[in-house]
Amino acid sequence: MTEQTYLTLNNGLKMPQFGLGVYLIPDGKETIEACLNALKLGVRHIDTAHAYQNERGVGEALKQSGLNRQEVWITTKLWPTEYGEGKTAIAIDKMLSRLQTDYIDLLLLHQQVGDYRGAWKDMEKAVKAGKVQSIGLSNFHENLEDLLQLATIKPAAIQVECHPYFPQHELKKRMEKYGTVIESWYPIGHGDKNLINEPMFTKLAQKYGKTNVQIILRWHIQEGNAVFPKTTNPQHLRDNFDIFNFNLTDEEMAEISSLNQAKRYYNATLSEQEHFLHWKPAD
Ligand SMILES: NC(=O)c1ccc[n+]([C@@H]2O[C@H](COP(=O)([O-])OP(=O)(O)OC[C@H]3O[C@@H](n4cnc5c(N)ncnc54)[C@H](OP(=O)(O)O)[C@@H]3O)[C@@H](O)[C@H]2O)c1
């Protein structure tokens with residue numbers, strides 16, 4: 001297997017471009033096992049969130065792996081009920097304790113509702129205090145410009161729904177001047193068979209001796225996106241990480257991007273997103 005790739009963030013840090021996403025993996029045994037399997041394989045990036053309620057499992061796996069803290073990139077996310085000056089600082093300390101670590105590699109605001117302004121101030125302070133190395137956003141659309149205006153530290157990454165049906169080229173262009181990288185959630189459409197079985201992927205899979213999913217993940221890598229497909233299936237994990245030994249041509253990359261249907265699997269208006277403030281993840 002050829003070496004995995006890294007993205008250089010706007011603060012100079014190098015983030016492994018491929019990781020394991022742990023959304024919907026139950027905390028405890030399942031999360032620990034999924035993360036340990038990934039770490040044993042050489043995956044060095046885990047994407048979790050307070051809302052996933054499995055940060056403890058991620059922290060435990062990190063400890064059990066025997067790897068040095070510096071060898072693994074941990075991303076987690078604050079939920080809107082934790083936003084606010086002073087309040088966010090407390091939430092960050094709780095995260096550190098759940099993850100059994102003294103710093104977070106990348107901390108994101110999970111959603112664009114609530115007091116994200118106050119939260120960003122505390123996140124900037126946490127960077128200065130060394131508790132967090134990089135800060136960024138997730139799911140910011142309508143409120144993105146406002147956040148960018150007030151941010152002294154510009155977001156290192158923005159995590160959004162991104163896949164060949166919704167390649168996020170406009171956002172990428174918009175964020176170029178800040179050096180903000182795109183992180184793809186639902187990278188394989190949350191497992192959507194319509195996306196995975198697109199004839200174009202089947203054709204390319206045959207050409208390269210790969211699976212359709214590997215073709216999609218390779219497209220993300222060559223697009224410059226960070227990607228962390230979720231899986232608890234060891235064979236899927238091995239396949240997903242085995243994407244660094246072939247290259248799609250420029251024509252093939254363009255062909256895949258032409259599948260763009262401006263199709264988002266998750267579409268909620270800003271006012272619908274306000275309901276995020278009515279659910280509080282347990283500490
Ligand atoms: N910021 C946000 O709001 C947000 C939202 C959603 C997701 N995320 C992040 O993005 C990560 C990925 O998104 P996601 O988990 O929702 O969707 P996804 O990674 O696009 O798809 C996951 C689904 O695909 C299946 N799968 C994985 N590898 C496969 C393979 N090689 N062949 C066939 N099927 C495969 C998985 O099942 P198996 O387990 O059976 O393999 C699972 O059902 C999340 O875990 C999370 O970290 C962030």
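Where in the chain does H190 lie? Hold that thought for a second, and hello everyone. What we have here is a predicted model, and I'd like to walk you through it, beginning with that histidine.

H190 lies in the loop between β9, residues 181-185, and α7, residues 193-196. Is H190 buried or exposed? It falls in between: H190 has 16 C-beta neighbours inside 10 Å, so it counts as partly exposed. To give you a sense of distance, take Y52, which is 138 residues from H190 in sequence and 16 Å from it in space, C-alpha to C-alpha.

Let's step back to the whole chain. There are twelve helices and ten strands. The C-alpha trace spans about 55 × 40 × 35 Å along its principal axes. For 283 residues, a compact globule would have a radius of gyration near 19 Å, and the chain has 18 Å, so the two agree. Buried residues make up 44% of the 283. And for those of you who like contact maps: of the contacts with a separation of 6 or more, 75% are between residues 24 or more positions apart.

Now to the sheet. What is the strand order in the open sheet of eight strands? Reading across, you get β3-β4-β5-β6-β7-β8-β9-β10, with parallel pairing. β3, at 20-21, and β10, at 226-227, stand at the edges with a single partner strand each, so each has one side without a neighbour in the sheet. As a reminder, strands of a sheet pair through backbone hydrogen bonds, either parallel or antiparallel.

Let's start at the β3 edge. β3 pairs with β4, residues 45-47, in the parallel sense over two bridges. If you want a spot to zoom in on, L20 stands opposite I46 in β4.

Moving along to β5, please find W73, which lies in that strand. W73 has 23 C-beta neighbours inside 10 Å, which means that it counts as buried. Which residues is W73 in contact with, leaving aside its neighbours within four places in sequence? The list is M15, P16, G19, R44, H45 and D105. By contrast, here is a pair that spans some distance: W73 and F201 are 128 residues apart in sequence and 30 Å apart in space, C-alpha to C-alpha.

Next, the strand I enjoy showing, β7, residues 132-138. Why is β7 described as largely enclosed by the rest of the structure? Six of its seven residues are buried, so that is how we describe it. On one pairing, β7 joins β6, residues 104-109, in the parallel sense over five bridges. L108 has G136 in β7 as its bridge partner. The connection runs through helix α4, residues 116-128, and β6, α4 and β7 together make a right-handed β-α-β unit.

β7 also pairs with β8, residues 157-161, in the parallel sense, here over two bridges. The bridge partner of L137 in β8 is I158. From β7 the chain crosses through helix α5, residues 144-150, to β8, and this β-α-β crossover is right-handed.

β8 itself is mostly covered, with five of its five residues buried. β8 pairs with β9 in the parallel sense over five bridges, and Q159 has E183 as its bridge partner in β9. The chain goes from β8 through helix α6, residues 169-175, to β9, and this crossover is right-handed.

A quick look at one helix. In α2, residues 55-65, the buried residues are E55, G57, V58, G59, E60, A61 and L62. What do these buried residues pack against? They pack against α1 (29-41), β4, β5 (73-78) and α3 (87-99). Just after α2, G66 takes a positive phi of about 75°.

Finally, the ligand, for everyone who has been waiting for it. How many residues surround the ligand? There are 24, and the closest are G21, Y23, W185, G191 and K230. By class, the shell has nine nonpolar, twelve polar and three charged residues. The largest share of the shell comes from helix α10, residues 234-241, which gives three residues.

That's the tour. We began with H190 in the loop between β9 and α7, and we finish with the ligand and its shell of 24 residues. Thanks for listening!

Conventions. Residues are numbered from 1 along each chain as its sequence is written. This is a predicted model: local features need pLDDT of at least 70, side-chain atom pairs count only at pLDDT 80 or more; totals for chains, interfaces and linings use all residues. A residue is near a molecule or strand if its C-beta atom, placed from the backbone, lies within 6 Å of it. Helices (H or I, at least four residues) and strands (E, at least two) are DSSP runs, numbered from the N terminus. Ala, Val, Leu, Ile, Met, Phe, Trp, Tyr, Cys and Pro count as nonpolar, Asp, Glu, Lys and Arg as charged, and the others, Gly among them, as polar. A residue is buried if 20 or more other C-beta atoms lie within 10 Å of its own, exposed if 12 or fewer, and partly exposed in between; C-beta atoms are placed from the backbone. Two strands pair if DSSP finds at least two bridges between them. A crossover is right-handed if, with the strands pointing away from the viewer, the path from the first strand over the helix to the second runs clockwise. The radius of gyration is taken over C-alpha atoms; the globule rule is 2.2 Å times the number of residues to the power 0.38. Two residues are in contact if their C-beta atoms, placed from the backbone, lie within 7 Å.
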